[in-house]
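I opened this entry to keep track of what I looked up, one item at a time. Helix packing, cores and a few single residues are on the list.

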Amino acid sequence: MIRKCYPGGKVKAFNISYDDGVIQDIRFVELLNRYGLKGTFNLNYGLLRSGFTWQHECGMTVRRIPEEEINRVYEGHEIASHSFTHPYFDSMSETEILKELGADKFFLERLSGREVAGYATPFYYYSELMADCVRHCGFEYARISEESNDYSVPEDFYRWRGSKFHWDEDLEDFVREFLETRQELALCQLVGHSYDLDVMNLWDTMEHICRWVSDSGEVWAATHVEIVRYLKAMNRVRITDREISNESSAELWFAVDGKILSLQPGEKITLP
């Protein structure tokens, strides 16, 4: 029996994708680092640069992380785009959309000194035009504002649904079931904002989840783009009754009759 695995022979992957680049991210990154987990943080350069704030309905002022702190705060984690100014895209032209996406990618890359390969859409609007613009700007995936409520790998990386919003009442049960599932290439991505943890008093819940995932021993903790690139490589593998052939440029992992093995780029093995 052949089962596809994640790097190191891990059977599951886990990521947390948080939007807006707010000051609560500082505490949240510390939490992720404590448990050896990886986050993807989706930023709006235009709002970071201007120091934009807004008043949450609970009375809390939501503040962005200062521009000069971005590299320090997100070291070891992924920085992705969330558009330049967090607009409503439903009434915007193709030219306006491209400007929003392209500017955010350009200035975040200039600020961070690293590639910005991912995009998370603000609000709930997403369309074929949006997907085309995301591709045109050179992003490798687009996380939309919908949840899958399962542990499956999205078929379309430009309509990527996170697994679960972290404010859902069944969040802890969902993660427990993820840690118990035997589904091949199981994936759990939690989505939200770190300011929600203050507003909804979720800090203890998220720490419990981080501890469970870290302690499981079966989970690959990865950034969103790391997961996307690995899955794209896995899509290039050729498996027959007689052999496994890695036709990608990445090392890939498998369990063959319970034995963990890896294949280097271009390598193939004959099955007994």
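**His193 and its surroundings**

I looked up the contacts of His193 and, not counting residues up to four places away in sequence, found Tyr18, Asp19, Asp20, His166 and Trp167. I note that the model is a predicted one. I placed His193 in the loop between strand 11 (186-192) and helix 7 (195-199). Is His193 buried or exposed? Its relative accessible area is 15%, under the 20% cut-off, so I entered His193 as buried.

**Cores**

I then turned to the nonpolar cores. The largest has 53 residues, and Phe14, Phe28, Tyr74, Leu101, Leu190 and Met206 touch the most other members. For Phe28 I listed the contacts, leaving aside neighbours within four places in sequence: Ile16, Tyr18, Phe41, Ser194, Leu197, Trp203 and Met206. A second core, separate from the largest, has 29 residues, among them Tyr6, Tyr230, Leu231 and Val256. Tyr18 appears in my contact list for Phe28 and in that for His193.

**Helix 4 with helix 5**

I looked up how helix 4 (residues 94-112) packs on helix 5 (residues 128-136): the angle is about 45° and the axes are 10 Å apart. The angle lies between 35 and 65 degrees, so I recorded the two helices as oblique to each other. The crossing of helix 4 past helix 5 is right-handed. Helix 4 contributes Glu94, Ile97, Leu98 and Leu101 to the contact, and helix 5 contributes Leu129, Met130, Cys133, Val134 and His136. By class I noted seven nonpolar residues, one polar and one charged in this contact. Leu101 of helix 4 is also on my list of residues that touch the most other members of the largest core.

**Helix 6 with helix 8**

Which angle do helix 6 and helix 8 make? I found about 0°, with the axes of helix 6 (residues 171-180) and helix 8 (residues 203-216) 11 Å apart. That angle is under 35 degrees, so helix 6 runs roughly parallel to helix 8. On the helix 6 side I listed Leu171, Glu172, Val175, Arg176 and Leu179; these meet Thr205, Met206, His208, Ile209, Trp212, Val213 and Ser216 of helix 8. By class, the contact has seven nonpolar, three polar and two charged residues.

**Gly258**

Last, I checked Gly258, in the loop between strand 15 (252-256) and strand 16 (259-263). Gly258 has a relative accessible area of 69%, over the 50% cut-off, so I entered it as exposed. From the C-alpha atom of Gly258 to that of His136 I noted 42 Å, with the two positions 122 residues apart along the chain counted as their separation.

Note on methods
Residues numbered from 1 in each chain as written. Predicted model: local features only at pLDDT ≥ 70, side-chain atom pairs only at ≥ 80, totals over all residues. Heavy atoms only, no water. Axes fitted to C-alpha atoms, helices over the stretch in contact; angles between N-to-C directions. Helix = DSSP H or I, 4+ residues; strand = E, 2+ residues; numbered from the N terminus. Parallel < 35°, antiparallel > 145°, perpendicular 65-115°, else oblique. Contact = heavy atoms within 4.5 Å. Nonpolar A, V, L, I, M, F, W, Y, C, P; charged D, E, K, R; others polar. Left-handed = near helix turned anticlockwise from the far one by under 90°. Core = buried A, V, L, I, M, F, W, Y, C linked by side-chain atoms within 4.5 Å. Buried < 20%, exposed > 50% of the residue type's maximum accessible area, 1.4 Å probe, protein only.
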